[in-house]
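User: Please take a close look at one part of this model, the surroundings of the second ligand, and describe how the rest of the chain is arranged about that site.

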Amino acid sequence: MILDLDIGNTLSKWRLKDADSSEIRSRGAVWTREEWRPGSDIPDLDVVEAVRISSVARKAVLEETVSLLRHRVGVVHVARSTPESLGVTNGYEEPERLGVDRWLGALAGYQLAGGCCAVDCGSAITIDFVLPGGRHLGGYILPGLRLMKESLKLGTRNVAIDPDSEAEELLAPGRRTVEAVNHGIYMAAVSAINRVYAEVCDSEGVALPLLLTGGDARVVSRGIQVPHAVWPDMVYGGLEACFPLTAAERAGRMSGAPRVPSPVSLEKIRAGLAFSMLL
Ligand SMILES: Nc1ncnc2c1ncn2[C@@H]1O[C@H](COP(=O)(O)OP(=O)(O)OP(=O)(O)O)[C@@H](O)[C@H]1O
Ligand SMILES: CC(C)(CO)[C@@H](O)C(=O)NCCC(=O)O
Ligand SMILES: [K+]
């Protein structure tokens, strides 16, 4: 089995992948600040022959995780942001400072779709652009839905946005504090993504496939006007591309990859942008 680990600021997600069949056997998540101890939702390390890790947590968290795993598992790969990889050139002035989850998302998106806009809706919402040809432009970081809500301190932190709500409902004026807050932060997130996508496609002169991932991707997806795909395993896809271990991975196939969404034409994107500027 291969253990893939995506250590985020809030949650550490894991999945076990069968190295022979390439099937995903199990998944789980633990709070990043908690130790891995028996009884919590952690994988059985006895069956693991290789580990691949993406971590944006504090350095100590990664160090502890790696030292724990090295005792038990033969192969441990830790992903790093680099100046260039798999045909993509990192747009950061200091490439190693780009969050590795963003880098892996950009690599996976490029491998799947060529140029792309990769959006991760987690603790933070990140929006990254890769042009056809592989130039990563850099991107945008904004607070995620939960962080926006907590920062308001209006006593609404425990009332989550119902992930099954319709976007229309979530974008309407709120008539109670929780509603006003939930609808406000939802509006902030989806309008930022819609706008940034259109602006960058316009200025680069290319309509890019749009890919979403992260814990809030499903609900955010409903508020995105242009064609796009949700790919919950996008960061894992980047790990597969960087450290291919199975036959399918070596052939360039990433688990759970969606069909590439065909973007609307650049003309339509520009028309939408021009229209919103007039209002
Ligand atoms: N069980 C859950 N626990 C915490 N957050 C959840 C849960 N289910 C959905 N979410 C939502 O997912 C978001 C966290 O997403 P995700 O798991 O992608 O992020 P993360 O671990 O914080 O990663 P990163 O720090 O890399 O952004 C939160 O904003 C929250 O609204
Ligand atoms: C922005 C987050 C927190 C998103 O998970 C992560 O990618 C990170 O810590 N990045 C480092 C800062 C940067 O990417 O510029
Ligand atoms: K993440």
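Analyst: In this predicted model, the shell around ligand 2 takes at least three residues from domain 1 (2–78) and at least three from domain 2 (84–278). Its members are Gly8, Asn9, Val56, Arg97, Leu98, Gly99, Asp101, Arg102, Gly122, Ala124, Thr126 and Ile141. Two elements, α2 (100–113) and β9 (124–130), give two or more residues each to this shell. Sorted by class, the shell around ligand 2 holds four nonpolar, five polar and three charged residues.

Ligand 1 has a shell that also draws at least three residues from each of domain 1 (2–78) and domain 2 (84–278). It has 15 residues around it, and the closest are Gly8, Asn9, Gly122, Ser123 and Gly215. Gly8, Asn9 and Gly122 are also among the residues around ligand 2. The classes in the shell around ligand 1 are four nonpolar, eight polar and three charged.

Since both sites draw on the two domains, the contact between the domains comes next. The domain assignment splits the chain into domain 1 (2–78) and domain 2 (84–278). Their centres, taken over C-alpha atoms, are 24 Å apart. Across the boundary, 17 residues of domain 1 are in contact with 14 residues of domain 2. On the domain 1 side, β1 (2–7), β2 (11–17) and β4 (50–55) each give two or more residues. The largest share of that side, four residues, is from β4. By class, the side of domain 1 that touches domain 2 has five nonpolar, seven polar and five charged residues.

These three strands belong to an open sheet of five strands, ordered β3-β2-β1-β4-β5 with mixed pairing. Its edges are β3 (24–31) and β5 (75–78), each of which pairs on one side only. From one strand to the next, the twist averages 15°. β1 and β4 run parallel and are joined by six bridges. Within this pair, Ile7 is placed opposite Ser55 in β4. Helix α7 packs on the sheet, where α7 touches β1, β2 and β4, and the direction of α7 makes about 130° with that of β1.

α7 also packs against α2, the helix already named at ligand 2. Which angle and which distance describe this packing of α2 and α7? The angle between α2 and α7 (residues 234–242) is about 75°, and their axes are 7 Å apart. Angles of 65 to 115 degrees count as roughly perpendicular, so α2 and α7 are roughly perpendicular to each other. From α2, the contact is made by Asp101, Leu104, Gly105, Leu107, Ala108, Gly109 and Gln111. From α7, the residues are Met234, Val235, Gly237, Gly238, Leu239, Ala241 and Cys242. By class, the contact of α2 with α7 has eight nonpolar, five polar and one charged residues. Asp101 of α2 takes part in this contact and is also one of the residues around ligand 2.

The other element named at ligand 2, β9, lies in a second open sheet of five strands, with the order β10-β9-β8-β11-β12 and mixed pairing. The edge strands here are β10 (136–143) and β12 (229–230), and each pairs on one side only. Seven bridges join β9 to β10, and the two strands run antiparallel. In this pair, Asp128 stands opposite Gly139 in β10. Helix α5 (residues 177–204) packs on this sheet and touches β8 (116–121), β9, β10 and β11 (210–213). The direction of α5 makes about 10° with that of β9.

Conventions:
Residues numbered from 1 in each chain as written. Chains lettered and ligands numbered in written order. Predicted model: local features only at pLDDT ≥ 70, side-chain atom pairs only at ≥ 80, totals over all residues. Near = placed C-beta within 6 Å. Nonpolar A, V, L, I, M, F, W, Y, C, P; charged D, E, K, R; others polar. Domains from an automatic or database assignment. Pairing = 2+ DSSP bridges. Contact = placed C-beta atoms within 7 Å. Axes fitted to C-alpha atoms, helices over the stretch in contact; angles between N-to-C directions. Parallel < 35°, antiparallel > 145°, perpendicular 65-115°, else oblique.
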